[in-house]
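Q: Please take one part of this predicted model and examine it closely. The account should set out what surrounds that part and how it connects to the rest of the fold.

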Amino acid sequence: MAELMVRDGTWTFDGDAVRMVPGRERGVHQLRQDLGEYAVPLAALAGIAYEPARKGGRLRLRIRDGADPLLQVTGGGLPADANPYQLSVDAGRTDVAEYFVHEVRQALTLEQVPEGPADRYLLPGPAVPLSAAGVDGLATFDGERVRIEWRWNTSENKKHAGPRDFPLAGLEAVEWRAAVGLESGFLRFRPRGTTPHMKPEHDPNAIELWGFKKESGRTALLAAAVAARLPHPSAGPALLSKATAVPPPAPEPAGEGTASGNDHDALLRRLRELGELHRDGVLTEEEFTTAKAAVLRSFHSAG
């Protein structure tokens with residue numbers, strides 16, 4: 001076991017996961033404190049590094065693309081001090097940090113963990129229920145429904161639309177963007193079959209964000225909690241829309257009437273994706289049966 005305790009927090013590695021407990025010092029970002037204790041399984045790691053500096057240094061976990069809903073939904077928009085996968089190392093703890101890196105790297109090598117993108121979330125996302133406020137509204141998420149209540153200063157368009165209530169199964173995506181310069185950020189919920197066409201300050205499905213204070217950090221956590229419970233983006237349109245009920249064209253035969261292994265793998269993945277949609281209530285029994293039959297026809301015609 002390896003353990004590093006500093007003012008910024010405590011990281012522990014037991015061979016299976018890196019467990020992170022944020023510090024409670026004044027300089028520790030509120031987002032990290034709100035996220036709380038968090039465990040990153042070895043399978044979600046692409047690497048680890050210690051970056052020395054004149055006074056102390058920084059320990060940094062590199063997460064596989066697509067493994068973490070928080071990084072996925074924020075798209076690199078988190079400030080460095082809000083990133084839970086970085087730890088400021090105090091002067092005098094360099095040896096411990098380097099030992100920590102050695103232990104994690106050795107485990108990654110022994111377990112042959114791939115560095116490439118993950119095809120599913122390997123981290124659970126923030127715990128629910130959660131609430132988060134923006135400039136003009138308050139969003140809440142209980143694990144099944146997202147609700148938005150507007151503040152007095154919201155736009156007339158949002159006031160006219162009234163409070164919003166989205167069942168999780170009715171959402172296609174959640175989007176989060178930090179404010180940049182004079183351009184507002186936003187937390188947007190995209191119902192199935194819709195395409196955003198309004199600016200965040202007028203979109204009744206979006207809360208406007210300014211800067212990156214405590215409130216904006218909690219909106220990022222709420223967005224990640226929703227994203228963790230939606231189909232993974234790697235599945236593409238097949239898992240992001242009910243259009244999945246329409247099967248893809250049958251693959252072209254490879255060789256003398258036999259489908260390639262890649263085609264078969266793709267069709268088997270399709271069946272798993274449809275099963276997940278049905279399990280999550282996105283597809284009805286009838287839609288699932290129809291889509292499954294179409295995929296099986298494609299599979300047999302390719303064989």
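A: A cavity is a set of grid points where a 1.4 Å probe fits but cannot get out. In this predicted model, a search of the whole structure finds one cavity of 30 Å³ or more. The largest cavity has a volume of about 60 Å³. Its lining consists of Trp11, Met20, Pro22, Arg32, Leu35, Gly36, Tyr38 and Pro84. Two elements each give two or more residues to that lining, namely strand S3 (17-22) and helix H1 (30-35).

One of the lining residues, Trp11, leads to the part chosen for the close look, strand S2, which spans residues 9-13. This strand is mostly covered, with five of its five residues buried. Gly9, Trp11 and Phe13 point one way from S2, whereas Thr10 and Thr12 point the other way. Both sets are buried.

The pairing of S2 can be followed on each of its two partners. Towards strand S1 (residues 2-6), five bridges join the two strands, which run antiparallel. Within this pair, Glu3 stands opposite Thr12. S1 and S2 form a hairpin, and two residues lie between them. Towards S3, five bridges join the strands, and the sense is antiparallel. Here the bridge partner of Thr12 is Arg19. S2 and S3 also form a hairpin, with three residues between them. In that turn, Gly15 has a positive phi of about 100°. Thr12 is therefore flanked by a partner in each neighbouring strand, since strands of a sheet pair through backbone hydrogen bonds: Glu3 stands opposite in S1, and Arg19 is the bridge partner in S3.

Thr10, also in S2, deserves a closer reading. Is Thr10 buried or exposed? Its relative accessibility is 18%, and because the limit for buried is under 20%, Thr10 counts as buried. Leaving aside neighbours within four places in sequence, Thr10 is in contact with Glu3, Leu4, Met5, Arg19, Met20 and Val21.

From S2, contacts lead on to the interior. Leu61 touches Trp11, and also Val18, Met20, Val40, Leu45, Gly47, Ile48 and Tyr85, not counting residues up to four places away in sequence. Trp11 and Met20 thus appear both in this contact list and in the cavity lining. Leu61 is also one of the residues with the most contacts inside the largest nonpolar core, along with Leu59, Phe100, Phe189 and Val226. That core has 63 residues, and helix H5 (residues 214-228) gives the most to it, with eight residues.

A further sheet can be described in this connection. Three strands form an open sheet in the order S5-S6-S7, with antiparallel pairing. Strand S5 (45-52) and strand S7 (86-89) are the edge strands, each pairing on one side only. Neighbouring strands of this sheet are turned by 15° against each other on average, direction ignored. Strand S6 (residues 57-63) pairs with S7 over four antiparallel bridges, and Arg60 stands opposite Gln86 in S7. Helix H3 (residues 94-111) packs on the sheet and touches S5, S6 and S7, its direction making about 160° with that of S5.

Conventions: Residues are numbered from 1 along each chain as its sequence is written. This is a predicted model: local features need pLDDT of at least 70, side-chain atom pairs count only at pLDDT 80 or more; totals for chains, interfaces and linings use all residues. Side-chain values use heavy atoms; hydrogens and water are left out. Two strands pair if DSSP finds at least two bridges between them. Axes are lines fitted to C-alpha atoms, for helices over the stretch in contact, and angles run from 0 to 180 degrees between N-to-C directions. Contact means heavy atoms within 4.5 Å. A nonpolar core is a set of buried Ala, Val, Leu, Ile, Met, Phe, Trp, Tyr and Cys residues joined through side-chain atoms within 4.5 Å. Buried means under 20% relative accessible area, exposed over 50%, partly exposed in between (1.4 Å probe, protein chains only). On a 1 Å grid over the protein atoms alone, a cavity is a set of points where a 1.4 Å probe fits but cannot get out, and a pocket is an open set with protein on both sides within 12 Å along at least five of seven lines; lining residues have an atom within 4 Å of a point. Grid points are joined across faces, edges and corners, and a volume is the space filled by probe spheres set on the points.
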